[in-house]
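Grab a pencil and work through these exercises with the model open beside you. Each task is followed by a solution that goes step by step.

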Amino acid sequence: MVRKILKFFLYLIIAFVCLFIFQFAFSKYEDFKNPPPTPEERIKTKERNERLNSCLNDNIETYSRSLSELRWKNIQCEAYADGAKVDFNDNSGEKEIEKLKDYDQRYDKCYTEMTVAHSRRGLLKSNIELSSNVRRGICKAYAEGEEINYEGKR
């Protein structure tokens, strides 16, 4: 009986040692496959993040009145942080801003009207998750330009 118990513990110890060796070998493989960044890469990443954060903070202060303008300027910030030359006074993105404003307005209108309709018929209380998923899907399509006759449309 004692021999069986000792044999069991011996196998258990061997299993733990094998597991430890496997984990060590796998971590070394991961380090080889995805080497850690070099000090130069870390510095470049840090500088990029500083440029991006500075630009984004300026945008939040300047363009916070319009979500669509903020999105457009944030796209420019990404390009600036990656090293591209960006003219922040360039208004060539105005059409894109107008599209985003239109998208936001159409989405908000649809979402509000559908919320009222779902509330009136009780779907909001009985199955809020279904109601939310339906509203998001339909309003996204409507905001992208599809002509949908959604529930509650005025």
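Helices here are DSSP runs of H or I with at least four residues, strands are E runs of at least two, and both are numbered from the N terminus. Keep in mind that this is a predicted model.

**Exercise 1. Work out the pattern of helices and strands along the protein chain.**

Step 1: count the elements. The protein chain has six helices and zero strands.
Step 2: read them off along the sequence, and you get α-α-α-α-α-α.
Step 3: look at how the chain packs. Of the contacts with a separation of 6 or more, 58% are between residues 24 or more positions apart. Buried residues account for 21% of the 154 residues.

**Exercise 2. Find the disulfides in the whole structure and describe how they pair.**

Step 1: search for cysteine sulfur atoms within 2.5 Å of each other. That search turns up two disulfides.
Step 2: take C55 and C77, whose sulfur atoms sit 1.8 Å apart. C55 belongs to helix α2 (residues 39–63) and C77 to helix α3 (residues 67–81), so this pair ties together parts 22 residues apart in sequence. The torsion about the S-S bond is about -70°, so the link is left-handed.
Step 3: move on to C110 and C139, joined with an S to S distance of 2.3 Å. Here C110 is in helix α4 (residues 94–121) and C139 in helix α6, so the tied parts are 29 residues apart in sequence. This disulfide is left-handed too, with -80° about the S-S bond.
Step 4: number the bonded cysteines in sequence order, and the pairing reads 1-2, 3-4.

**Exercise 3. Decide whether C55, C77 and C18 are buried, partly exposed or exposed.**

Step 1: recall the cut-offs. Buried is under 20% relative accessible area, exposed is over 50%, and partly exposed lies in between.
Step 2: apply them to the bonded pair. C55 comes in at 9%, so C55 is buried. C77 has 0%, so C77 is buried as well.
Step 3: C18 has a relative accessible area of 46%, so C18 is partly exposed.
Step 4: for the other disulfide, both C110 and C139 are buried.

**Exercise 4. Place S131 in the model and list its contacts beyond four places in sequence.**

Step 1: S131 sits in helix α6, which covers residues 128–143.
Step 2: with a relative accessible area of 0%, S131 is buried.
Step 3: set aside the neighbours within four places in sequence, and S131 is in contact with H118, L123 and L124.

Technical notes
Residues are numbered from 1 along each chain as its sequence is written. This is a predicted model: local features need pLDDT of at least 70, side-chain atom pairs count only at pLDDT 80 or more; totals for chains, interfaces and linings use all residues. Side-chain values use heavy atoms; hydrogens and water are left out. Buried means under 20% relative accessible area, exposed over 50%, partly exposed in between (1.4 Å probe, protein chains only). Contact means heavy atoms within 4.5 Å.
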